[in-house]
Each structure stands twice: as C-alpha cells, then as structure tokens.
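Hi,

Here is the structure for you to look over. My notes on what turned up follow below it.

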Amino acid sequence: MLSRAFKDKKIRRAKKYGEGSSKSSLSHNEEDEDCIVGLTGDLPLNFCEYGGGSANTGNLCLREVLKSSVHVLGESGLGITEKVVLRDEVVYTAKRFRKVTISKKEFGRRIERLAYVSGGCKYLVQVRAYLYAKRIKVVLCDYSPMGSLADLLNGARELGHTPLDWDQRLAIIIDVATAITFIHRRFPLNEKNLQINVHGNIKASNVIIKTNFSACLSDYGFVQLAEQVQVPGVLQQKQPETMEEDVDAVVPVSEKLSQKNDIYSFGAMVLDMLGGPKAPFQISYILEKKEEIKEGKVEFFEFFVEGNKRKQALQVLDTALACINPPDARPSIDQILLFLGEVTT
C-alpha cells in the first residue's frame with residue numbers, strides 16, 4: 001500500500017513489473033492508513049484541469065488511494081512508483097515523491113502546467129491527478145501493463161533472451177526522440193521557476209511501452225517537483241564490474257537541468273539499447289573499435305541484425321555517440337530526429 005511504502009524505508013524494487021505478479025508486494029495495513037489519514041484528513045485528489053481522468057474517479061480521496069491494490073514498480077532518488085487499482089478497476093501509476101521542498105501552491109501550479117503541456121503530445125505519459133499533503137505528495141499518471149523499456153530489457157537479459165528486435169528498438173528510439181523534440185520546442189523557454197523545454201530525467205525506466213510496442217516518455221518535468229535523495233538499498237543501475245567507468249559515462253553535475261543534458265541522457269539510453277547495459281560505460285572502447293565494429297570484426301549489438309538493418313543500427317550508433325560528445329558538439333534533438341527519419345527511408 002502507499003501508506004505502508006511511505007513508512008517502510010526498507011522497500012526494495014520488485015524484480016518483475018507490470019502484470020507479472022498477481023499479488024501486491026506491499027501488505028494491507030489499516031493502522032498505517034489510519035495514521036496518515038488521521039494526520040492529513042481524507043483529502044480529495046486534485047484532477048488536472050487538462051489531464052482528463054475517469055468519471056468514476058472524480059471524487060477520489062486519499063483513503064481510496066491508500067486502500068487500493070498496489071504493486072511497487074520501482075524506486076529512484078525522486079521517490080517510489082507504484083501501480084494503483086482504484087474502484088471499478090480504474091488503474092493508474094502513482095508516483096510518490098520523497099523530498100518536496102516547494103509550497104503546496106507552487107507544486108500544484110507546476111503540475112497543472114506540466115499536465116497542460118504534455119496533453120499536446122501523444123508521446124508523453126499523461127498526468128491525471130495529484131495530492132499535496134503534509135506527509136505525502138503523490139501524482140497519478142496513465143498506466144501501461146507492458147511496463148517500461150528497462151523492464152523489458154532487464155527482464156529478458158536476466159533470462160538470456162533478446163526481448164526486442166531491431167525494428168522494435170528503432171521505433172522506440174524514434175518515439176522517444178519525438179517526445180523530446182516536442183519538449184525542446186516549448187515556449188516560453190523559462191517560465192517562473194519552471195523550465196518547460198527540458199525533460200531532466202531521460203532513461204530507460206522512464207520510457208513506457210504500450211501494448212503495440214510504441215513508446216511514451218514519462219516523468220516530464222518531475223525533477224522540478226522534488227529533490228533527488230540518496231536511498232540506501234534502492235537498486236540502481238550498476239557500473240560494469242569488468243570495466244572502468246568512462247569520464248563521460250555520467251552527466252556532469254555542472255550541466256544540471258538543460259537540453260544538452262537531455263541529449264546526453266538520450267544517447268546513453270540508445271547505447272544501452274544497442275550494445276547492452278555495459279555500453280554507456282565503454283564509450284572510449286567503442287570509439288576505439290568503431291571501424292572494427294562496422295566491419296563486423298568486433299561484436300557489439302546485443303540483438304541479431306544483418307544486411308540493411310545492420311547498416312541502420314550502425315547509423316544509429318553514430319548518432320548515439322554524437323550525443324555523448326562535449327556539450328557544444330552535441331546535436332540538437334531536431335537534428336537527431338531528422339537523421340533518424342533518414343535512417344528509416
């Protein structure tokens with residue numbers, strides 16, 4: 001339950017996500033619910049003016065969310081992501097933030113603005129509702145039973161399978177690039193205390209896969225709602241044990257929230273999709289062996305590809321490596337999307 005997760009700091013990310021588990025990873029605990037509801041009151045959630053939402057959930061309150069069936073989907077420095085099944089089997093993804101330092105009014109203003117902007121793009125996960133209370137800050141977003149790109153990639157890798165073929169990966173890469181393009185074209189560039197033209201947290205776990213294997217980008221602007229915190233025990237992407245970390249394998253702190261940062265993160269994600277989880281930490285090695293990779297003398301791709309499709313994959317590899325360049329040498333997302341369009345023709 002959301003209430004149990006709020007109090008229990010020892011929660012670990014579930015190994016499998018989506019519909020793979022029939023039981024909630026968090027047990028029902030009414031005492032926990034009563035504790036939080038008693039402190040905050042049975043507060044109604046605010047449905048975003050432009051976010052839609054089911055008519056059956058128009059009067060949704062905190063207690064209803066706390067008593068819902070919940071699966072933990074993942075954890076990060078921002079917070080915990082869970083599956084919430086409401087009355088009449090309405091399903092949402094709940095994102096509960098760990099450390100929110102902005103005021104209730106400002107939190108609501110930013111959520112409403114982000115929901116309004118994302119409503120104009122089908123490649124962004126839609127924000128539907130939110131709650132800001134003393135003990136809990138939560139946002140409800142659209143849910144997809146397929147889970148995230150990270151779920152598909154990591155789950156299959158653990159079993160030694162190839163989860164996605166090249167055509168599916170290329171389509172996902174283009175969908176994500178389309179979402180980033182939409183964000184980077186937003187104006188005004190910098191509203192009061194809110195940058196609407198930057199995503200800020202592009203990674204495989206924030207790429208949501210639909211049942212037709214198209215992709216949507218989630219968590220747009222969420223890094224501007226809460227602060228990242230270090231959480232002991234939370235499973236995060238590990239540095240490959242057999243390789244030294246490249247200097248450029250982590251986005252420099254000095255870049256912070258910027259479009260150049262988004263481009264870098266996109267490139268690192270694409271490298272992961274092409275060469276596996278070690279690839280973003282092997283940039284120097286890939287650059288050194290790039291010609292041998294093109295000639296087929298060095299294996300790089302984690303999926304089977306040949307002929308024209310292999311040529312496409314190599315072109316996308318060049319694009320990913322360009323995204324890892326120093327900031328001034330990185331392409332814009334418009335240039336990337338144009339190039340990806342040429343790859344498919």
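Residues 3–40 keep a pLDDT under 50 throughout. The model still gives this stretch 71 contacts beyond four places in sequence. Residues 235–254 also have a pLDDT below 50. There, the model has 30 contacts beyond near neighbours in sequence. Where pLDDT is low, the predicted coordinates should not be read in detail. So please take those contacts as features of a predicted model, since low-pLDDT coordinates should not be read in detail.

For the chain as a whole, the mean pLDDT is 82. A pLDDT of 70 or more is reached by 77% of the residues.

Next, a pair of residues. Ala94 sits in strand β4, which covers residues 91–97. Its relative accessible area is 0%. Buried means under 20%, so Ala94 counts as buried. Cys141 is 47 residues away from Ala94 in sequence. In space, the two are 6.4 Å apart, C-alpha to C-alpha. Cys141 has a relative accessibility of 3%, so this residue is buried by the same cut-off.

Now the cysteines. How many disulfides does the structure hold? Zero. Cys141 is in no disulfide. The nearest cysteine sulfur to Cys141 belongs to Cys48, 8.5 Å away. A disulfide needs the two sulfur atoms within 2.5 Å, so Cys141 and Cys48 do not form one. Cys323 is buried too, because its relative accessible area is 0%.

Best wishes

How values were computed: Residues numbered from 1 in each chain as written. Predicted model: local features only at pLDDT ≥ 70, side-chain atom pairs only at ≥ 80, totals over all residues. Heavy atoms only, no water. pLDDT = per-residue confidence, 0-100. Contact = heavy atoms within 4.5 Å. Helix = DSSP H or I, 4+ residues; strand = E, 2+ residues; numbered from the N terminus. Buried < 20%, exposed > 50% of the residue type's maximum accessible area, 1.4 Å probe, protein only.
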